[in-house]
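This report covers where selected residues sit, how they pack, and how charged side chains pair. The sequence and the coordinates come first.

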Amino acid sequence: MIIKWIFDRVVSLVGLIILFPLLVVIAIWVKIDMPGSPIFFVQKRVGKGGKLFKCHKFRTMTNKHHGSTISMAGDKRITSHGAFLRHYKLDELPGLWDVLIGNMSFVGPRPDVPGYADMLTGEDRDVLKLRPAITGPATLKYRWEDEMIAAHVAEKQAAGDMRDAHEIAKEYNDTVIFPDKVRLNCYYYRNYSFIKDIQMIFCTVLGLKMKYAGEVI
């Protein structure tokens, strides 16, 4: 995957240079919306080989919050600017730095918080052989994940489920979404194609769908 390694370094550097004015504007917006809070959300995520690394995003949630790591549309923890940035995936732009320094790639599995990697068993652990990435097959399929989770929670509560919304969301993520993401990411590892990488990047940027692993994502 030498071509993938070279592509990641070159394109991430070019992207940081070209998008620098936009990064500055977003940084100022975040600072104005949340004075006194860090501009970037930095969190330890699981990288290649299970090694932890610091993942960077623009902050979209209040600085001081507790609770589930699973978010959904309408989450009160998400700030006024955060909803916009998350919807258009602009909060992910600082990830270009993580790609440049080699902690991430452009295409692959999304970096999970510690704990989820421990749930992987058998051949599913092939996911850990990949560098986590900004986009990928699972990211494309679940590009509206926040909205999907929110809709599921609303449906369950309408049916009489009295549990906390974040508890329902976590159960849905852990039993439905996460296993499906693992399936797609394992397929990506075993059927790698640089051409598919380029197609996924274009689909991510342009909001398009593509055929992959026998389905439309």
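I2 is in helix 1, where helices (H or I, at least four residues) and strands (E, at least two) are DSSP runs numbered from the N terminus. The model is predicted, so local features need pLDDT of at least 70 and side-chain atom pairs count only at pLDDT 80 or more, while totals for chains, interfaces and linings use all residues. Residues are numbered from 1 along each chain as its sequence is written, and side-chain values use heavy atoms, with hydrogens and water left out.

I2 has a relative accessible area of 62% and is therefore exposed; the classes are buried (under 20% relative accessible area), exposed (over 50%) and partly exposed (in between), with a 1.4 Å probe and protein chains only. I2 belongs to a nonpolar surface patch together with W5, I6, V10, V11, L13, V14, I17 and I18, and the accessible area of the patch is about 860 Å². Patches are built from residues with over 30% relative accessible area and no salt bridge, like charges being joined within 9 Å and nonpolar side chains (Val, Leu, Ile, Met, Phe, Trp, Tyr) within 5 Å. Accessible areas come from the Shrake-Rupley method with a 1.4 Å probe, and for residues only the protein chains shown count as cover.

V25 is found in helix 2 (residues 20-33) and is exposed, because its relative accessible area is 51%. From V25 to V10, the C-alpha to C-alpha distance is 24 Å, with their positions 15 residues apart in sequence.

**Charged residues of helix 1**

D8 lies in helix 1 (residues 2-18), and R9 is in helix 1 as well. What is the nearest side chain of opposite charge to D8? It is R9, 4.5 Å away; D8 is buried and has no salt bridge. R9 is likewise buried without a salt bridge, and D8 is its nearest side chain of opposite charge. Lys and Arg count as positive and Asp and Glu as negative, while His and the chain ends are not counted. A salt bridge requires a side-chain nitrogen of Lys or Arg within 4 Å of a carboxyl oxygen of Asp or Glu.

Contact means heavy atoms within 4.5 Å. Leaving aside neighbours within four places in sequence, D8 is in contact with V99, M104, S105 and F106. On the same basis, R9 touches V99, L100 and G102.

**Nonpolar cores**

A nonpolar core is a set of buried Ala, Val, Leu, Ile, Met, Phe, Trp, Tyr and Cys residues joined through side-chain atoms within 4.5 Å. The largest one has 26 residues, of which F58, F106, M200 and M210 touch the most other members. Two or more residues each come from helix 2, strand 2 (52-58), helix 4 (95-100), strand 3 (105-107) and helix 8 (194-206). Helix 2 gives the most, with four residues.

Apart from residues within four places in sequence, the contacts of M210 are L140, K196, Q199, M200, C203, E215, V216 and I217. A second, separate core has 21 residues, including Y116, A165, I168 and C186.

Y116 lies in the loop between strand 3 and strand 4 (133-135). Its relative accessible area is 9%, so Y116 is buried. Not counting residues up to four places away in sequence, Y116 touches I70, K170, N173, D174 and F178. Y116 and F178 are 62 residues apart in sequence, while their C-alpha atoms are 8.7 Å apart in space.

**Salt bridges**

Side chains of opposite charge can pair when their charged atoms come close. The count here is 15 salt bridges. Three of them are listed below, with N to O distances.

| Positive residue | Negative residue | Distance |
|---|---|---|
| K129 | D126 | 3.1 Å |
| K141 | D180 | 2.6 Å |
| R163 | E171 | 3.0 Å |

The K141 and D180 pair links distant parts of the chain: K141 is in helix 5 (residues 137-141) and D180 in helix 7 (residues 165-190), 39 residues apart. K141 counts as partly exposed because its relative accessibility is 27%, whereas D180, at 14%, counts as buried.

For the K129 and D126 pair, K129 is partly exposed with a relative accessible area of 45%, and D126 is buried at 13% relative accessibility. In the third pair, R163 is partly exposed at 26%, and E171 is partly exposed at 35%. Salt bridges with shared partners join E123, D126, K129 and R190 into one network.
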